[in-house]
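This report introduces a structure to a reader who has not met it before. Please look at the sequence and the model first, and then read on.

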Protein chains: 2
Amino acid sequence: MTTVRGARERARIEITAAIKDEARRQLAEDGAAKLSLRAVARELGMVSSALYRYFPSRDDLLTALIIDAYDSVGAAAETAHADARVLGAPPRDRWLAVCIAVRAWALAHPHEYALIYGSPVPGYTAPEDTVVPASRVGNTLVAVVREAHAARRLVLPPLPAVLRREADRMTGEFAAGLPPEVTATLVACWAQLVGLISFEVFGQFNRVVEAREEFFVHSAAQLAHQVGIIAV
Amino acid sequence: MTTVRGARERARIEITAAIKDEARRQLAEDGAAKLSLRAVARELGMVSSALYRYFPSRDDLLTALIIDAYDSVGAAAETAHADARVLGAPPRDRWLAVCIAVRAWALAHPHEYALIYGSPVPGYTAPEDTVVPASRVGNTLVAVVREAHAARRLVLPPLPAVLRREADRMTGEFAAGLPPEVTATLVACWAQLVGLISFEVFGQFNRVVEAREEFFVHSAAQLAHQVGIIAV
DNA sequence: GCCAAAGCAAGAGCAGTGCTCTCGTTTTAG
DNA sequence: CTAAAACGAGAGCACTGCTCTTGCTTTGGC
């Protein structure tokens, strides 16, 4: 927490939060495309130009929402992992718990999910501020696999020679403590997990998959197996 | 081909195509969010209201582009499959060929890819006209697996009891001739494949995966294995 | 406590958007 | 040949993101 120096700074914090809240409300209702700065300002009883004191542009507001969304889904994954750990769940169940938590968050916040894992809306390059929150879910999966390795519940999948250097680099950069053999596989599984969730959230499973929950749990279990986490 | 009854109908066909071409150009340049009906009309030397004779709304134009994009990537997948088949490639290589073709198409047309596999832009419900083109890639994967089964190059993965009915239904609906044991797995692999491609196209692999090509081919091969296609 | 400086809300205004409606003109079909 | 349908052009509405100017309020250094 930063110290609040005066009434003005306190007001700024509150108004910034109010803007984001209202924007999130409109986002959840109509989607990112229809999010309007003027509508947000109108709903908050202020004039649109005043809003630019807090967010220099519409894209900056969206970026703030993106960061919050990353933090929100990241927190969901982390608490699911922590809960599974205090229950003494085996690695496979911890993996499943995280996957299920991410899916549940996505289904509960489809538009925020679309904001972070759908097509990038503002431009093409993600602002620097997003990379740390963006990696929270990934880091949680790394933690699960790391614990599985420590508990000797991990078999190392074979890794082709061409990916050996890549796996070493990845491991050093964001998966320290993980056997390099699994790092590349884990990244792939993470992308595949998001693919599964995206298909469900974005309606690609309409008329295709009906038993969504069972289908997802089974697929997530397959991913656990693929990354080397042994059953039970 | 429908018969062209007169000059007016011929003109309508040409103008409709010109509108879509120009719209696709602007889409490839600036993305779906910045696609403007007025800009398209301006570039074509017509007034914006005239464009509404051809597409009743911006969303309808986008829907037309979505259908074309589905057809485009579907055709890419089908030709890749056909080429691999005439070369006598084994099932695993046919699977890889289709995956690689879809990825190549996505990297070449990122905004069109975002249109179909990113967040749904217009509303939430996909128009009925999109479901047939949308299934072309999936059908190609079904065909690959079906051929693998016919060539006895397919091992049936175990399927949990909860998904048995679901797998039977899926098979009857869009995967006739496929052993029900693989249908559900195939659908999951299809979603996971799109997850891999989306992460790359949407920049989620920035600072994470560097050897993209090798990483993708290895992951796609893993998916082939997962769906039951045996190596070589 | 005073006062310049900075932060702030409000309003007007600009360029752009999707979309509608009207009005002549042209092409089609009976 | 004529009524009907399709068409292009233009004006106009309501909305958007964003900028600039104008006063007012809070802040921080003296």
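## Chain A and the surface around DNA strand D

Chain A exposes about 11000 Å², of which carbon and sulfur atoms supply 55%. The model is a predicted one, and in it 49% of the 232 residues of chain A count as buried. Chain A has 11 helices and zero strands, and its C-alpha atoms fill a box of roughly 60 × 45 × 40 Å when taken along the principal axes. Among the contacts in chain A with a separation of 6 or more, residues 24 or more positions apart account for 72%.

Which residues come closest to DNA strand D? Of the 24 residues that surround the strand, the closest are A:Leu37, A:Arg38, A:Arg42, B:Ser49 and B:Arg53. Sugar and phosphate account for 50% of the atoms of DNA strand D that come within 4 Å of the protein. By class, the surface near the strand has nine nonpolar, six polar and nine charged residues. At least two residues of this surface are supplied by each of helix 1 (7–30), helix 2 (37–43) and helix 3 (48–51) of chain A, and likewise by each of helix 1 (7–30) and helix 3 (48–51) of chain B.

The table lists polar contacts with DNA strand D.

| Residue and its atom | Atom of DNA strand D | Distance |
|---|---|---|
| A:Arg58, polar backbone atom | phosphate oxygen | 2.7 Å |
| B:Arg12, polar side-chain atom | phosphate oxygen | 2.9 Å |
| B:Ser49, side-chain N or O atom | base oxygen | 2.7 Å |

B:Ser49 is thus listed among the closest residues, and its side chain has an N or O atom 2.7 Å from a base oxygen of the strand.

Notes:
Residues numbered from 1 in each chain as written. Chains lettered and ligands numbered in written order. Predicted model: local features only at pLDDT ≥ 70, side-chain atom pairs only at ≥ 80, totals over all residues. Heavy atoms only, no water. Near = heavy atom within 4 Å. Polar contact = N/O pair within 3.5 Å; in protein donor to acceptor, adjacent residues only side chain to side chain. Helix = DSSP H or I, 4+ residues; strand = E, 2+ residues; numbered from the N terminus. Nonpolar A, V, L, I, M, F, W, Y, C, P; charged D, E, K, R; others polar. Buried < 20%, exposed > 50% of the residue type's maximum accessible area, 1.4 Å probe, protein only. Contact = heavy atoms within 4.5 Å. Areas by Shrake-Rupley, 256 points an atom, 1.4 Å probe, with all protein chains shown as cover.
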